[in-house]
Amino acid sequence: MTERDGYNLRLYVAGQTPKSIAAIANLKKICDEHLPGRYEIEIIDLMKDPALAMRHQIVAIPTLIRQLPEPLKRIIGDLSNTEKVLVGLDIRPS
Amino acid sequence: MSPADPKLPLFQDADETVAAIHQGEVDAVVVMRALEGPQIILLQGAEEPYRVLVERMSDGALTADPHGVILYVNDRLCEQTGYPSAGLVGRSLPSLFEGGPPNLVPEVTVEASLLRNTGEAMPVAVWSRPISIANSTATLVRLTDLSIHRRAEQIAAAERFARSVLEQANEAVVVLSPDGHITHASLRAEQLARQPPVGCTFSEAFQLEAQATEEAETLARFSSESLDALLATRPFHGVEVKLRGEANAKFTFLLSAGPLIDENKTNVGSIVTLTDITERKRAEEAQTTLVAELNHRVKNILAIVQSVAAQTMRSSVSLENFADAFTGRLKALATAHDILTQTRWIGIGLGELLGAVLAPYRSPAEGRISISGPPILLPAHAVVPLSMVLHEMTTNAAKYGALSTRQGRIEITWQVTGGIEKSIELVWLERGGRKVKAAAPTGFGTKLIDHVISHDLDGNTKLDFDPDGVRWTIAIPLRGLAGGGAAASGAATA
């Protein structure tokens, strides 16, 4: 995977809250369906280290950050709305 | 800390954040605090109590999406598997199990082997049901650690087994904890204890008394407390004790204790046994008595032999004469002892004794000797002296009386006579022998008869020289037959 075609995603969660769990499940499902072999997901648990919220100025959890490809994008919520996620990540033209 | 990304507009997504919170798509927010920095605040909903319940339940729990990807695990499952939650979330559910995934049927419990991070497998009961998370279907899986149950079952089975062994034990066996309290007791121990023994200290349940003086000193060295401590912690062997109390007075026990070692080689108490050695002690005492009795009898016999030899020597006119007389008397002694051995020193009937002594002279065809009288059991102590007396009478008859001719006959009769003071009156009547007259001086045989009957059996003798033969009349009081012990030694002084 190269920086040009790969998706580097970072999901900020708060331990195992229901929305955090749902966000993980939804993200994996969307990526497997739409970005097979072209993504990396990093899950950041802010319950363990809240200071990591500063990096991307996270205010609500869960929040997904698309680090690559640029530009950086963010989606707030449990990612249950697949269409919204695809649009937000520029995976499918709106 | 890295600075904020300049390309990310600070407030661009504020509306989106508010909308997400409003729509319930987030359940936590980050709040900046001046001193502590960013803090996570959970937005708890109605399901929060259930989430807390699942997180803190004693069983492992996870949720998996319809593809079997693990979305959530509780702390207990992390403990069960040995992995942190990050090492489990995202993994496939089947990968948790050894030998393939269990066939999950909603609301049905199945057994499976959960793989731990150490490579070991843990037996678990797996229960599942479908649930709804954030508008999608997931599976809630509960994993109950069966190794605890299995271990508990094994412990319970071992406990039942140990208890049944204890209960079946014929001896009094108790198990002491390291602090000296009884944790288990056999049925026999419960019977012997002053009170239900479990929970008591050993000295509370069993009050000991030493069996022998030297053991009393051993026991006296210990107070109740120190004896309890000793029994609980040190091997203790072979002190003979009795238990206080009327019911237990007749028993003698051997008190022993040995350490109780668990599977980790740790001393977890002791096993104390009170072995009933009452029968063994009785046998030992009987053996000691028997040896003392044997010693006494051997000494008596030697004394008798010595006395008979000396007396025979004094009354013998030649060495041949001595040899004949002495051999005959030894044979009589031997016959008496044979009888005693055969009858186990219980005694013998008077008729049987006469039969045995006169056997060498009796021929059924000739019928020269007749024996008749009521049955009388002679005690053991009377057998030797009476045998010697009858031997002397028989010898005299053979030498000088009825048995010295072909036609001679002897009639021996006896009866019990008297009122309060009953006696046996035995008459020895010789007929058809050579004419006899009173010997002067009286021979040793006659002296022996007199002496033995009067001294050993407290009776008297009368010798009549009838023209047709001698007549011995011997009277022995029954009380003379009742005593014991003096007979043989009395004969020895004859």
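## Three strands of chain B and one residue of chain A

In this predicted model, eight bridges connect strand β13 of chain B to strand β14 of chain B, which covers residues 267-276, and the two strands run antiparallel. Within this pairing, I261(B) lies opposite N267(B) of β14(B). The two strands make a hairpin in which five residues separate β13(B) from β14(B), and in the turn K265(B) has a positive phi of about 65°.

Strand β13(B), residues 253-261, is also joined to strand β12(B), residues 236-243, by four bridges, and these strands too are antiparallel. Here F236(B) faces A257(B), which belongs to β13(B). In a regular strand, side chains alternate between the two faces of the sheet.

The pairings can be set side by side as follows.

| Strand pair | Bridges | Direction |
|---|---|---|
| β12(B) and β13(B) | four bridges | antiparallel |
| β13(B) and β14(B) | eight bridges | antiparallel |

Chain B as a whole contains 15 helices and 21 strands, and 41% of its 494 residues count as buried. Among its contacts between residues at least 6 apart in sequence, 49% join residues at least 24 apart. The accessible surface of chain B is about 27,100 Å², with 56% of that area belonging to carbon and sulfur atoms.

In chain A, I91(A) is found in the segment that comes after α2 (82-88). I91(A) counts as partly exposed because its relative accessibility is 21%, whereas buried would require under 20%. Leaving aside residues up to four places away in sequence, I91(A) touches Y7(A), H34(A), L35(A) and L86(A). Of these contacts, Y7(A) is 84 residues from I91(A) along the chain, and their C-alpha atoms are 9.7 Å apart.

Methods
Residues numbered from 1 in each chain as written. Chains lettered and ligands numbered in written order. Predicted model: local features only at pLDDT ≥ 70, side-chain atom pairs only at ≥ 80, totals over all residues. Heavy atoms only, no water. Pairing = 2+ DSSP bridges. Buried < 20%, exposed > 50% of the residue type's maximum accessible area, 1.4 Å probe, protein only. Contact = heavy atoms within 4.5 Å. Areas by Shrake-Rupley, 256 points an atom, 1.4 Å probe, with all protein chains shown as cover.
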